[in-house]
Amino acid sequence: MTNPLLADWTTPFGLPPFADMSDDDFAPGFEASLTQARAELALITDNADAPTFENTIDALELMGETMHKVLSPFYTLAGVDSNPAREALQREFSPKLAAWGSEVSMNPKLFARVEAIWNARDTLELTPEQSRVLELTRRDFVRSGAQLEGANFDRLKEVKERLAVIGTQFTQNLLADERDWSMDLGEADLEGLPDFVVATARAAAQDAGKEGHLLTLSRSLIVPFLQFSPRRDLREVAYEAWVARGANGGDTDNRDIAAETLKLRDERAKLLGYADFASFKLETEMAKTPDAVRDLLMQVWKPAKAQADIDAGKLTEMMHADGVNGDLEAWDWRYYSEKRRAAEHDLDEAALKPYLQLDRMIEAAFDCSTRLFGLEFAPIDADLHHADARAWEVTRKGEHVAVFIGDYFARGGKRSGAWCSAMRAQQKLRGDIRPHVINVCNFAKPAKGSPALLSYDDARTLFHEFGHALHQMLSDVTYESISGTSVARDFVELPSQLYEHWLEVPEVLQQFATHADTGEPMPADMLQRMLDAGTYDQGFATVEYVASAMVDLEFHSGEVAADPMAKQADILDGMGMPSAIRMRHATPHFAHVFAGDGYSSAYYSYMWSEVMDADAFAAFEEAGGAFDAATARKLEDHILSVGGLREADELYTEFRGRLPGVEALLKGRGLDKVA
Ligand SMILES: [Zn+2]
């Protein structure tokens, strides 16, 4: 029988035939596709004809289609529905993929061809897009070490392969620690918890095949537990378990992996002639240098810390009034902060929740894109990777635009957090290929028969990921390598964070925030209070984020730390980290930084993008409203449709007429008036 991964896909829209494939198909499929890709590579490097853009750069863009067909469904499954077989396959594939990556990017014959085209670029009459693709292709080769020779060349290859292996190990350890911890909650332990938390804990128990209620480390369960449980003893146990992920000793401990990763990255940067990994990494970002990043983070840190110190004082008073003596601890912050919010903003999250139904929030995200960009959504019946996933066809004026897939519920085996990826990216080189885009979230799954309800934070996450999806779906370029979200890391969060602003537009919530039982719209005063509360506790949120971003940056700057945990403590000390707030992601579970290269030395990107998103949304307001058609047009033309066609600062300036400052961000976080 033929391997379904390698056959022609006759499924609707050419979606992967998930129903036909089994885990046993992936390894042989991968091997076959690797052999094929090697043959394609040889055709390019051994071509007797002189190098041309078409026989080298185009050919490189087209290489590896089959491998993509195999790996795209595989990595979708490994991320959203892992199991021991898939984990073993990931461990098997990751060094092979790194080696294949090196075979291409460190290939002297191939680089010689690229270099020849680069040197002749002024005579080739390339389109602006081709020029850009050539520039980026050559830059990737140089940064991959194609110019290195001898022992340095071999060593760099080894370093990259080892980094790939331990990056995968880091993720798997984290997943294991998240999966392995849970705490039974007896009737007495449910004291003070709102219905939705109790229901989530009951669903978690059902998922684990148990009776009663279970607390797990899923963010959608542990965070509300820490907010609402008056039981300080339980909060402490749960909190300590949550922050100990990846640092529990034994086989799944990530601390040694973090140390080795930092050492190898430093070596990699030095082999390529950079002072340190941060300098290497930031060269291709919008920020360009570690100093530019440090500057931004410190501009934000000072007012954030001042606000957090004021807030810590207030929360400590509340705790003492509650009869608890001593210092405010990290497991107390969310609890007293929630009480303070309820008192000051009269906003009861539990009362709010029935108004934020998942299905209505999906409709809201769709509807905003209809009003802004004319997109329309129709559900489609397709065999997807999991029964909880759903798909829609996206069209505009009757023309097919994309397939959008949403996989919203948390489950064991799904990586934590939320993300967007293109299972198939937009491009025109191979024909008019439209994208298949997936949003993955970890919202609490409701018990059977009840509607899924979100927190306001969850709803924001939904809009965020949908913003990434728009960047993929509206893409309109020829070359896949610059399509959609293939942009600088510190620019990629602009479309997603910008889209969150539409959730805050009152008329959107008036229409879509309707009560799950009564269907009534959210009362106007509740809605206003919810929006006003948007800047609540931003001292805390900003401090926990900036601390993580700074540790990430300093880890990769200057001399490399032999003991990252000690260096982490030093950095936080030096910043004056408030004692009752910890990093949003401590080193042993900082997957952004250690699971791969993506956000290493680049966790600051979210804030860099926030500077732009605050300023970009202001462009709509200045032009007359959140749905101003001309501004939406500009956003699509200069940012959402062009991918990495030009440098990020150029794209932004085309859209806005200038670059942004930090003011709109501080104002948006309510930090413009402190210290
Ligand atoms: Zn994002």
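**Close-up views of a predicted model**

**View A. An aromatic cluster in the predicted model.** One aromatic cluster is formed by F366, F377, W392, F404, F463, F466, Y499, W502, F617 and F620. The search of the whole structure finds 36 aromatic pairs.

**View B. The edge-to-face pair of Y239 and W242.** The ring centres of Y239 and W242 lie 6.2 Å apart, with 75° between the planes. Y239 and W242 are about one helical turn apart, because three residues separate their positions in helix 10 (residues 232–243). Y239 is buried, at 5% relative accessible area, and W242 is likewise buried, at 6%.

**View C. The tilted pair of F466 and Y499.** The centre-to-centre distance is 5.7 Å and the planes of F466 and Y499 meet at 45°. F466 belongs to helix 17 and Y499 to helix 18 (residues 489–503), so the pair ties together parts 33 residues apart in sequence. Both F466 and Y499 are buried.

**View D. The zinc ion and its protein donors.** H464 (NE2), H468 (NE2) and E493 (OE) lie 2.1 Å from the zinc ion. Along the chain, the donors follow the spacing H-x3-H-x24-E. H464 and H468 are four residues apart in helix 17 (residues 456–473), and therefore about one helical turn apart. H464 and H468 are both buried.

**View E. Arginine charges over phenylalanine rings.** The charged end of R143 sits over the ring of F280, 4.0 Å from the ring centre. For R265, the charged end sits over the ring of F277, at 5.5 Å from its centre.

**View F. The surroundings of E267 in helix 11 (residues 255–271).** E267 is partly exposed, with 26% relative accessibility. Leaving aside residues up to four places away in sequence, E267 touches R155 and V159.

Terms used: Residues numbered from 1 in each chain as written. Predicted model: local features only at pLDDT ≥ 70, side-chain atom pairs only at ≥ 80, totals over all residues. Heavy atoms only, no water. Helix = DSSP H or I, 4+ residues; strand = E, 2+ residues; numbered from the N terminus. Buried < 20%, exposed > 50% of the residue type's maximum accessible area, 1.4 Å probe, protein only. Contact = heavy atoms within 4.5 Å. Donors = N, O, S within 2.8 Å, 3.2 Å for Na, K, Ca; no water. Phe/Tyr/Trp six-rings, centres within 6.5 Å; stacked < 30°, edge-to-face > 60°. Lys NZ or Arg CZ within 6 Å of the ring centre and 35° of its normal.
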